[in-house]
Amino acid sequence: MSKNRTTPFQPDPEQLALLPDISGNTINGQGETRFRRPTRIYWHNPPDAIPYGRIQQWMVSRFNRVQAFREVYAKGDRGPRELDPVAEVQVQDSPANWSARAKAFASQHEADLVGITKLDPNWVYDDCEPPTEPWIIVLGVEMDHSRLAQAPSSDEDTASAHEVSVQYNRGARAASSLANWIRAQGYHSASHAGPWAGSITATPAALACGFGELGKHGNIINRQYGSSFRLSAVVTDLPLVADEASEFGADDFCTRCQVCINACPPSAISDNKQMVRGVKKWYVDFDKCIPYFNETHGCGICIAVCPWSRPGTAPRLADKILRRRKRLYVS
Ligand code: SF4
Ligand code: SF4
């Protein structure tokens, strides 16, 4: 696999032979004008239960043949495999205080971003049972951009994919620490952490709780870390208060930026928003992205090159956009 991001990409024939007959964009609901819940397609277990399971297995087997990748999950600390029992005595406090306390705990236990929102059952995959817990606490962990910027990875050049795996482990630890703290207060909780997708799509929850705006590359742009972070989450019945969504001009910035489009080797990123399951939004072409993603151990070029992801850039950009808006509004 060439490191040259502009070399035209030809997928490995071995991988192409494993593709299902149905387009991933059809499964994802590209062009559908009516709302529906998402359908599991890729990065779920067991692989034979999902349409793109065979090329998922192909990707995983190539990933696992690299010792550095194997070790990061085998030796990496993802926190306890099982959560503690829920305490019998339930501690009482106000929703506002619980929110502040949960955020403080998460911030002191590896989370760089914490947000709270009501858990919308529409974020749950259509063949999964929505959790009974009414709240979701979304956590974000920052990636080391100097390592992410080395994307794409190969068997020999592992920095970017290794960093992603390390941060998924950190996200898992942050989520299980918070889930156990909630259980110690006498409330139910369950943790969700990547790289596997689980039963809930975390991105809409993260958007709802103020992590940022969806970028043209299909990932969230946050006003502190750009797109250089990973998500994990905890669902719970701890009484909480929802945060608000955050809008600071990233969506508008994307309409005038082409950086990720020009950097994506298989040209998977579109310059126009598209209708996807009844919502008009930025959408990455699944069929074009996934073969390259698979052959580069998870790609990551688009989030690495996004101007917002450069360390220290996102807060300055957001402030500049908001100052300009204020001037236009006042004058
Ligand atoms: S992750 Fe997908 S969309 Fe992003 S640059 Fe790589 S191939 Fe393109
Ligand atoms: S690179 Fe530019 S267009 Fe792509 S997500 Fe980032 S800001 Fe938006």
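In the predicted model, helices H5 and H7 cross in a right-handed sense. Helix H5 covers residues 95-108 and helix H7 residues 159-184, and their axes come within 9 Å of each other, with a crossing angle of roughly 140°. H5 is therefore oblique to H7. On the H5 side, the contact is made by Ala102, Phe105 and Ala106, which meet Ala174, Leu178 and Trp181 of H7. By class, the residues of this contact comprise six nonpolar, no polar and no charged.

Both helices also lie against a sheet. This sheet is open and has four strands, arranged in the order S1-S2-S6-S3 with antiparallel pairing. Strand S1 (113-118) and strand S3 (189-193) occupy the edges; each has a single partner strand, so one side of each lacks a neighbour in the sheet. From one strand to the next, the twist averages 20°. S1 and strand S2 (residues 135-142) run antiparallel and are joined by six bridges. Within this pair, Gly115 is placed opposite Val138 of S2.

The two helices differ in the strands listed for each. H5 lies across S1 and S2, and its direction is at about 145° to that of S1. H7 lies across S2, S3 and strand S6 (229-236), running at about 20° to S6. S2 is thus covered by H5 and also by H7.

The model contains ligands, and the surroundings of two are described here. Around ligand 1 stand His217, Cys264, Pro266, Ala268, Ile269 and Val284, together with Cys289, Tyr292, Phe293, Cys299, Ile301 and Cys302. Two elements give two or more residues to this shell, namely helix H11 (286-295) and helix H12 (301-305). The most is given by H11, which supplies three residues. In terms of class, the shell around ligand 1 consists of 11 nonpolar residues, one polar and no charged.

The shell around ligand 2 includes Gly215, Lys216 and His217, as well as Phe253, Cys254, Cys257, Val259 and Cys260. Cys306, Pro307 and Trp308 also belong to the residues around ligand 2. Helix H9 (250-255) and helix H10 (259-263) each provide at least two residues of this shell. Its composition is eight nonpolar, two polar and one charged. His217 is listed around ligand 1 and again around ligand 2.

Several backbone features fall in loops. The peptide bond between Ala151 and Pro152 is cis, and its omega is near 5°. Pro152 is located in the loop that connects helix H6 (145-148) with H7. A cis peptide bond also links Gly194 to Pro195, where omega is about 15°. Pro195 is found in the loop between S3, an edge strand of the sheet, and helix H8 (202-208). A further feature concerns phi: Trp43 is not a glycine, yet its phi is positive, at about 70°. Trp43 is situated in the loop between helix H2 (24-28) and helix H3 (53-64).

Notes
Residues are numbered from 1 along each chain as its sequence is written. Chains are lettered from A and ligands numbered from 1 in the order in which they are written. This is a predicted model: local features need pLDDT of at least 70, side-chain atom pairs count only at pLDDT 80 or more; totals for chains, interfaces and linings use all residues. Axes are lines fitted to C-alpha atoms, for helices over the stretch in contact, and angles run from 0 to 180 degrees between N-to-C directions. Angles under 35 degrees count as roughly parallel, over 145 as roughly antiparallel, 65 to 115 as roughly perpendicular and the rest as oblique. A crossing is left-handed if the near helix is turned anticlockwise from the far one by less than a right angle, and right-handed if clockwise. Two residues are in contact if their C-beta atoms, placed from the backbone, lie within 7 Å. Ala, Val, Leu, Ile, Met, Phe, Trp, Tyr, Cys and Pro count as nonpolar, Asp, Glu, Lys and Arg as charged, and the others, Gly among them, as polar. A residue is near a molecule or strand if its C-beta atom, placed from the backbone, lies within 6 Å of it. Two strands pair if DSSP finds at least two bridges between them.
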